[in-house]
Amino acid sequence: MPATNRRDLLALMGAAALAGNTAPAFAASTPVIEWNMHMFSADTAKFPFHPSAVYKPDASKFPVDPLPPYQAHLKEAGIDKAMFVQPEPYGDDHGLVLDCLRRTSGDKFKGTSLFYPKNPESPKKLAALVKNQPRIVSTRFHAHRGKEMYLDSFAADYVRALWRRAVELGLVIELHIGPNYALQAADAIRAFPGCKVLIDHMDEPKLGNPYEYANVLDLAKLPNVYMKLSGLDYIASDAPYFESLRPFTSRLIKEYGADRVVWSGGSPKIADAHMKGYSAADIAKVKGGNLQRLLNW
(Lines give C-alpha, C1' and ligand atoms only; values in the text may rest on other atoms or scores of the structure.)
Protein backbone atom coordinates (compact mmCIF):
# COMPACT_ATOMS: atom_id res chain seq x y z
CA MET A 1 0.00 0.00 0.00
CA PRO A 2 1.44 3.42 -0.94
CA ALA A 3 2.57 5.51 2.03
CA THR A 4 0.05 8.28 1.33
CA ASN A 5 -2.85 5.84 1.23
CA ARG A 6 -1.63 4.21 4.45
CA ARG A 7 -1.50 7.58 6.18
CA ASP A 8 -5.01 8.41 4.99
CA LEU A 9 -6.30 5.06 6.22
CA LEU A 10 -4.66 5.48 9.61
CA ALA A 11 -6.10 8.98 9.91
CA LEU A 12 -9.59 7.69 9.16
CA MET A 13 -9.19 4.84 11.65
CA GLY A 14 -8.00 7.29 14.29
CA ALA A 15 -10.96 9.58 13.69
CA ALA A 16 -13.37 6.66 13.94
CA ALA A 17 -11.78 5.50 17.18
CA LEU A 18 -11.94 9.01 18.58
CA ALA A 19 -15.63 9.29 17.70
CA GLY A 20 -16.31 5.95 19.33
CA ASN A 21 -14.58 7.07 22.52
CA THR A 22 -16.27 10.46 22.74
CA ALA A 23 -19.86 9.44 21.95
CA PRO A 24 -20.56 7.89 25.39
CA ALA A 25 -18.99 10.91 27.07
CA PHE A 26 -21.17 13.24 25.00
CA ALA A 27 -24.29 11.27 25.92
CA ALA A 28 -23.41 11.30 29.62
CA SER A 29 -22.70 15.03 29.70
CA THR A 30 -25.75 16.15 27.71
CA PRO A 31 -28.54 17.53 29.91
CA VAL A 32 -32.06 16.12 29.81
CA ILE A 33 -34.44 19.01 29.07
CA GLU A 34 -38.23 19.06 29.17
CA TRP A 35 -40.41 21.55 27.31
CA ASN A 36 -43.90 20.54 28.34
CA MET A 37 -44.99 21.68 31.81
CA HIS A 38 -48.03 23.97 31.90
CA MET A 39 -47.94 25.79 35.23
CA PHE A 40 -51.26 26.06 37.12
CA SER A 41 -52.08 27.34 40.60
CA ALA A 42 -55.12 26.83 42.81
CA ASP A 43 -54.70 30.43 43.98
CA THR A 44 -56.99 32.12 41.47
CA ALA A 45 -57.00 35.32 43.51
CA LYS A 46 -53.28 35.76 42.91
CA PHE A 47 -53.24 34.09 39.49
CA PRO A 48 -56.71 34.53 37.92
CA PHE A 49 -57.76 32.94 34.68
CA HIS A 50 -57.96 35.35 31.76
CA PRO A 51 -61.41 36.81 30.90
CA SER A 52 -60.87 35.72 27.29
CA ALA A 53 -59.57 32.24 28.12
CA VAL A 54 -60.75 29.59 25.67
CA TYR A 55 -61.30 27.23 28.60
CA LYS A 56 -61.07 27.38 32.40
CA PRO A 57 -60.08 24.25 34.32
CA ASP A 58 -61.07 23.29 37.85
CA ALA A 59 -58.42 25.17 39.86
CA SER A 60 -59.09 23.06 42.97
CA LYS A 61 -57.23 20.20 41.30
CA PHE A 62 -53.97 22.16 41.26
CA PRO A 63 -51.46 22.90 44.04
CA VAL A 64 -51.38 26.42 45.40
CA ASP A 65 -47.69 26.55 44.50
CA PRO A 66 -46.93 24.31 41.50
CA LEU A 67 -43.17 24.87 41.66
CA PRO A 68 -42.10 22.49 44.48
CA PRO A 69 -43.98 19.44 43.16
CA TYR A 70 -42.67 20.07 39.66
CA GLN A 71 -39.10 20.36 40.92
CA ALA A 72 -39.58 17.09 42.79
CA HIS A 73 -40.83 15.45 39.58
CA LEU A 74 -37.80 16.66 37.66
CA LYS A 75 -35.44 15.22 40.25
CA GLU A 76 -37.25 11.90 40.33
CA ALA A 77 -37.35 11.62 36.52
CA GLY A 78 -33.72 12.66 36.04
CA ILE A 79 -34.55 15.85 34.14
CA ASP A 80 -31.89 18.56 34.41
CA LYS A 81 -33.57 21.63 32.91
CA ALA A 82 -37.12 22.60 32.00
CA MET A 83 -39.39 25.13 30.38
CA PHE A 84 -42.36 26.71 32.15
CA VAL A 85 -45.12 26.72 29.54
CA GLN A 86 -47.74 29.49 29.60
CA PRO A 87 -51.15 27.74 29.69
CA GLU A 88 -54.10 28.91 27.63
CA PRO A 89 -56.42 29.65 30.62
CA TYR A 90 -54.13 32.49 31.71
CA GLY A 91 -54.14 34.01 28.25
CA ASP A 92 -51.51 36.73 27.94
CA ASP A 93 -51.28 37.25 31.72
CA HIS A 94 -47.91 35.67 32.45
CA GLY A 95 -47.95 36.27 36.20
CA LEU A 96 -47.55 32.64 37.26
CA VAL A 97 -44.77 31.80 34.79
CA LEU A 98 -42.93 34.99 35.75
CA ASP A 99 -43.33 34.12 39.43
CA CYS A 100 -41.83 30.67 38.82
CA LEU A 101 -38.94 32.17 36.86
CA ARG A 102 -38.20 34.70 39.59
CA ARG A 103 -37.88 31.91 42.14
CA THR A 104 -35.60 29.69 40.09
CA SER A 105 -32.21 29.78 38.41
CA GLY A 106 -31.66 30.65 34.77
CA ASP A 107 -29.35 27.64 34.58
CA LYS A 108 -32.32 25.37 35.21
CA PHE A 109 -35.48 27.06 33.92
CA LYS A 110 -36.73 29.17 31.03
CA GLY A 111 -40.26 29.99 29.91
CA THR A 112 -42.64 30.36 26.99
CA SER A 113 -45.22 33.05 26.27
CA LEU A 114 -48.69 33.13 24.77
CA PHE A 115 -50.49 36.08 23.17
CA TYR A 116 -53.70 36.59 21.27
CA PRO A 117 -52.66 37.09 17.62
CA LYS A 118 -55.79 39.11 16.80
CA ASN A 119 -54.89 41.70 19.44
CA PRO A 120 -52.96 44.47 17.62
CA GLU A 121 -51.07 45.19 20.85
CA SER A 122 -49.65 41.66 21.09
CA PRO A 123 -46.33 42.30 19.28
CA LYS A 124 -45.67 45.25 21.58
CA LYS A 125 -46.70 43.27 24.65
CA LEU A 126 -44.41 40.41 23.63
CA ALA A 127 -41.43 42.75 23.32
CA ALA A 128 -42.17 44.28 26.72
CA LEU A 129 -42.43 40.84 28.33
CA VAL A 130 -39.08 39.70 26.95
CA LYS A 131 -37.43 42.96 27.99
CA ASN A 132 -38.78 42.45 31.51
CA GLN A 133 -37.81 38.77 31.62
CA PRO A 134 -35.20 37.65 29.06
CA ARG A 135 -35.67 34.03 30.13
CA ILE A 136 -38.88 34.04 28.07
CA VAL A 137 -37.46 32.37 24.97
CA SER A 138 -40.50 31.38 22.93
CA THR A 139 -44.03 32.34 21.98
CA ARG A 140 -46.84 29.94 21.12
CA PHE A 141 -49.43 29.78 18.35
CA HIS A 142 -52.48 27.50 18.58
CA ALA A 143 -54.51 26.31 15.59
CA HIS A 144 -56.10 22.92 15.05
CA ARG A 145 -59.53 21.44 14.55
CA GLY A 146 -61.67 22.51 17.47
CA LYS A 147 -59.40 25.45 18.25
CA GLU A 148 -59.87 27.90 15.39
CA MET A 149 -60.61 30.88 17.62
CA TYR A 150 -57.05 32.21 17.90
CA LEU A 151 -56.44 32.92 14.24
CA ASP A 152 -58.12 32.65 10.87
CA SER A 153 -55.01 31.84 8.89
CA PHE A 154 -51.24 31.88 9.29
CA ALA A 155 -51.25 34.22 6.29
CA ALA A 156 -53.21 36.85 8.24
CA ASP A 157 -51.38 40.14 8.74
CA TYR A 158 -51.89 40.01 12.51
CA VAL A 159 -50.30 36.54 12.70
CA ARG A 160 -47.35 37.61 10.59
CA ALA A 161 -46.88 40.76 12.75
CA LEU A 162 -46.61 38.70 15.94
CA TRP A 163 -44.42 36.09 14.24
CA ARG A 164 -42.15 38.83 12.90
CA ARG A 165 -41.71 40.39 16.33
CA ALA A 166 -40.86 37.00 17.82
CA VAL A 167 -38.20 36.45 15.16
CA GLU A 168 -36.78 39.93 15.74
CA LEU A 169 -36.50 39.07 19.44
CA GLY A 170 -34.72 35.80 18.66
CA LEU A 171 -37.54 33.66 20.07
CA VAL A 172 -38.51 30.14 19.11
CA ILE A 173 -41.92 29.88 17.43
CA GLU A 174 -43.83 27.10 19.20
CA LEU A 175 -46.62 25.71 17.04
CA HIS A 176 -49.42 23.72 18.63
CA ILE A 177 -51.15 23.02 15.36
CA GLY A 178 -53.00 20.23 13.62
CA PRO A 179 -52.04 18.64 10.29
CA ASN A 180 -54.63 20.76 8.47
CA TYR A 181 -52.49 23.84 9.23
CA ALA A 182 -49.18 22.37 8.05
CA LEU A 183 -49.24 23.98 4.59
CA GLN A 184 -50.06 27.40 6.09
CA ALA A 185 -47.29 26.98 8.65
CA ALA A 186 -44.82 26.11 5.89
CA ASP A 187 -45.64 29.35 4.07
CA ALA A 188 -45.14 31.36 7.26
CA ILE A 189 -41.82 29.65 7.97
CA ARG A 190 -40.59 30.43 4.46
CA ALA A 191 -41.67 34.05 4.90
CA PHE A 192 -39.19 34.45 7.77
CA PRO A 193 -35.90 32.84 6.74
CA GLY A 194 -33.85 31.74 9.72
CA CYS A 195 -36.80 31.53 12.12
CA LYS A 196 -36.65 28.70 14.66
CA VAL A 197 -39.78 26.56 14.97
CA LEU A 198 -40.80 23.82 17.40
CA ILE A 199 -43.90 21.76 16.53
CA ASP A 200 -45.82 20.48 19.55
CA HIS A 201 -47.11 16.96 20.17
CA MET A 202 -46.03 15.43 16.85
CA ASP A 203 -48.45 17.87 15.18
CA GLU A 204 -51.52 16.21 16.73
CA PRO A 205 -51.84 13.36 14.20
CA LYS A 206 -55.32 12.34 15.41
CA LEU A 207 -56.66 15.77 14.42
CA GLY A 208 -55.90 15.30 10.74
CA ASN A 209 -55.99 12.78 7.91
CA PRO A 210 -53.14 10.95 6.15
CA TYR A 211 -53.08 13.41 3.26
CA GLU A 212 -52.69 16.35 5.63
CA TYR A 213 -50.05 14.54 7.66
CA ALA A 214 -47.95 14.16 4.52
CA ASN A 215 -47.58 17.95 4.68
CA VAL A 216 -46.36 17.63 8.27
CA LEU A 217 -43.62 15.28 7.11
CA ASP A 218 -42.72 17.79 4.40
CA LEU A 219 -42.06 20.42 7.08
CA ALA A 220 -38.92 18.42 7.87
CA LYS A 221 -37.46 19.72 4.60
CA LEU A 222 -37.42 23.27 5.97
CA PRO A 223 -34.43 24.43 8.02
CA ASN A 224 -34.66 25.01 11.77
CA VAL A 225 -37.95 23.13 12.17
CA TYR A 226 -37.96 20.78 15.17
CA MET A 227 -40.55 18.12 15.99
CA LYS A 228 -41.54 17.42 19.59
CA LEU A 229 -41.87 13.76 20.55
CA SER A 230 -44.67 14.44 23.01
CA GLY A 231 -48.39 13.98 23.43
CA LEU A 232 -48.11 10.23 22.90
CA ASP A 233 -50.76 9.77 25.57
CA TYR A 234 -53.20 11.64 23.31
CA ILE A 235 -52.99 8.76 20.86
CA ALA A 236 -52.19 5.58 22.79
CA SER A 237 -52.93 4.14 26.22
CA ASP A 238 -49.98 1.78 26.78
CA ALA A 239 -48.16 4.03 29.25
CA PRO A 240 -45.49 4.73 30.28
CA TYR A 241 -43.61 4.37 26.97
CA PHE A 242 -46.43 3.96 24.41
CA GLU A 243 -44.45 1.48 22.35
CA SER A 244 -47.52 0.64 20.27
CA LEU A 245 -46.77 3.90 18.43
CA ARG A 246 -43.28 2.89 17.35
CA PRO A 247 -44.23 2.27 13.68
CA PHE A 248 -45.47 5.86 13.56
CA THR A 249 -42.74 7.51 15.67
CA SER A 250 -40.01 5.63 13.81
CA ARG A 251 -41.13 7.21 10.55
CA LEU A 252 -41.41 10.65 12.15
CA ILE A 253 -37.94 10.44 13.69
CA LYS A 254 -36.51 9.23 10.38
CA GLU A 255 -38.03 12.19 8.50
CA TYR A 256 -36.83 14.87 10.93
CA GLY A 257 -33.61 13.14 11.95
CA ALA A 258 -32.10 12.79 15.40
CA ASP A 259 -30.79 16.37 15.21
CA ARG A 260 -34.30 17.88 15.03
CA VAL A 261 -36.48 15.72 17.25
CA VAL A 262 -37.14 16.84 20.83
CA TRP A 263 -38.47 14.56 23.56
CA SER A 264 -40.80 16.16 26.13
CA GLY A 265 -43.48 14.97 28.54
CA GLY A 266 -43.71 11.75 30.50
CA SER A 267 -40.52 9.80 31.11
CA PRO A 268 -37.29 10.58 29.21
CA LYS A 269 -37.11 6.82 28.69
CA ILE A 270 -39.76 7.32 26.00
CA ALA A 271 -36.86 8.43 23.78
CA ASP A 272 -34.98 5.20 24.50
CA ALA A 273 -38.07 3.11 23.74
CA HIS A 274 -38.76 4.86 20.44
CA MET A 275 -35.16 5.16 19.22
CA LYS A 276 -33.98 1.58 19.40
CA GLY A 277 -31.07 1.16 17.00
CA TYR A 278 -29.93 4.78 17.34
CA SER A 279 -26.67 5.65 19.05
CA ALA A 280 -26.49 6.84 22.64
CA ALA A 281 -25.33 10.21 21.31
CA ASP A 282 -28.39 10.56 19.06
CA ILE A 283 -30.75 9.62 21.88
CA ALA A 284 -29.04 12.17 24.14
CA LYS A 285 -29.67 14.84 21.50
CA VAL A 286 -33.38 14.05 21.50
CA LYS A 287 -33.56 13.98 25.30
CA GLY A 288 -31.98 17.41 25.63
CA GLY A 289 -29.04 18.14 23.38
CA ASN A 290 -31.17 19.56 20.60
CA LEU A 291 -32.98 21.92 22.96
CA GLN A 292 -29.68 22.88 24.53
CA ARG A 293 -28.46 23.94 21.08
CA LEU A 294 -31.75 25.51 19.98
CA LEU A 295 -31.95 27.65 23.11
CA ASN A 296 -28.20 28.25 23.45
CA TRP A 297 -28.56 26.80 26.95
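## A walk through the helices, cores and loops

Helices α4 and α5 cross in a right-handed way. Keep in mind as you look around that this is a predicted model. To find the pair, look for residues 122–132, which form α4, and residues 157–168, which form α5. Their axes come within 9 Å and cross at roughly 20°. Angles under 35 degrees count as roughly parallel, so α4 and α5 are roughly parallel to each other. Where do the two helices meet? On the α4 side you'll find Ser-122, Pro-123, Lys-124, Leu-126 and Ala-127, and on the α5 side Ala-161, Leu-162, Arg-165 and Ala-166.

While you're at α5, have a look at Arg-160, which lies in that helix. Leaving out residues up to four places away in sequence, Arg-160 touches Phe-154, Ala-155, Asp-187, Ala-188, Ala-191 and Phe-192. You can also check its spacing from Pro-123: the two are 37 residues apart along the chain, and their C-alpha atoms are separated by 9.9 Å.

Now for another helix pair. Helix α7 covers residues 210–218 and helix α8 covers residues 246–256. Their axes come within 9 Å too, with a crossing angle of roughly 40°. That makes α7 and α8 oblique to each other. Tyr-213, Val-216 and Leu-217 of α7 make the contact with Phe-248, Arg-251, Leu-252, Glu-255 and Tyr-256 of α8.

Hold on to Tyr-256, as it leads us to the nonpolar cores. The largest nonpolar core has 72 residues, and Tyr-256 is one of those with the most contacts inside it, along with Phe-154 and Trp-163. You may remember Phe-154 as one of the residues that Arg-160 touches. And what does Tyr-256 touch, if we skip residues up to four places away in sequence? The list is Ile-199, Val-216, Leu-219, Ala-220, Val-225, Met-227 and Val-261. There is also a second, separate core of 13 residues, and Val-137, Leu-198, Leu-291 and Leu-295 are among its members.

Next, the loops. Between α3 (95–102) and β3 (109–114) there is a loop that holds Thr-104. Is Thr-104 buried or exposed? Buried means under 20% relative accessible area, and Thr-104 has 12% relative accessibility, so it counts as buried. Its side chain has polar partners you can trace. A polar atom of that side chain lies 2.8 Å from the backbone oxygen of Cys-100. The side chain of Thr-104 also makes a polar contact with the side chain of Arg-135, at 3.1 Å. Not counting residues up to four places away in sequence, Thr-104 touches Leu-67, Gln-71, Phe-84, Phe-109 and Arg-135.

Ser-105 is found in the loop between α3 and β3 as well. With 34% relative accessibility, Ser-105 counts as partly exposed. The C-alpha atoms of Ser-105 and Phe-40 are separated by 19 Å, with these positions 65 residues apart along the chain.

Last stop: the loop between α9 (269–274) and α10 (280–294), where you'll find Tyr-278. Tyr-278 is partly exposed, with a relative accessible area of 31%. Its contacts, apart from neighbours within four places in sequence, are Ile-253, Lys-254, Ala-258 and Ile-283. Ala-258 and Tyr-278 are 20 residues apart along the chain, and their C-alpha atoms are separated by 8.5 Å.

How values were computed
Residues are numbered from 1 along each chain as its sequence is written. This is a predicted model: local features need pLDDT of at least 70, side-chain atom pairs count only at pLDDT 80 or more; totals for chains, interfaces and linings use all residues. Side-chain values use heavy atoms; hydrogens and water are left out. A nonpolar core is a set of buried Ala, Val, Leu, Ile, Met, Phe, Trp, Tyr and Cys residues joined through side-chain atoms within 4.5 Å. Buried means under 20% relative accessible area, exposed over 50%, partly exposed in between (1.4 Å probe, protein chains only). Contact means heavy atoms within 4.5 Å. Helices (H or I, at least four residues) and strands (E, at least two) are DSSP runs, numbered from the N terminus. A polar contact is a pair of N or O atoms within 3.5 Å; within protein, one must be able to donate a hydrogen and the other to accept it, and residues adjacent in sequence count only if both atoms are side-chain atoms. Axes are lines fitted to C-alpha atoms, for helices over the stretch in contact, and angles run from 0 to 180 degrees between N-to-C directions. Angles under 35 degrees count as roughly parallel, over 145 as roughly antiparallel, 65 to 115 as roughly perpendicular and the rest as oblique. A crossing is left-handed if the near helix is turned anticlockwise from the far one by less than a right angle, and right-handed if clockwise.
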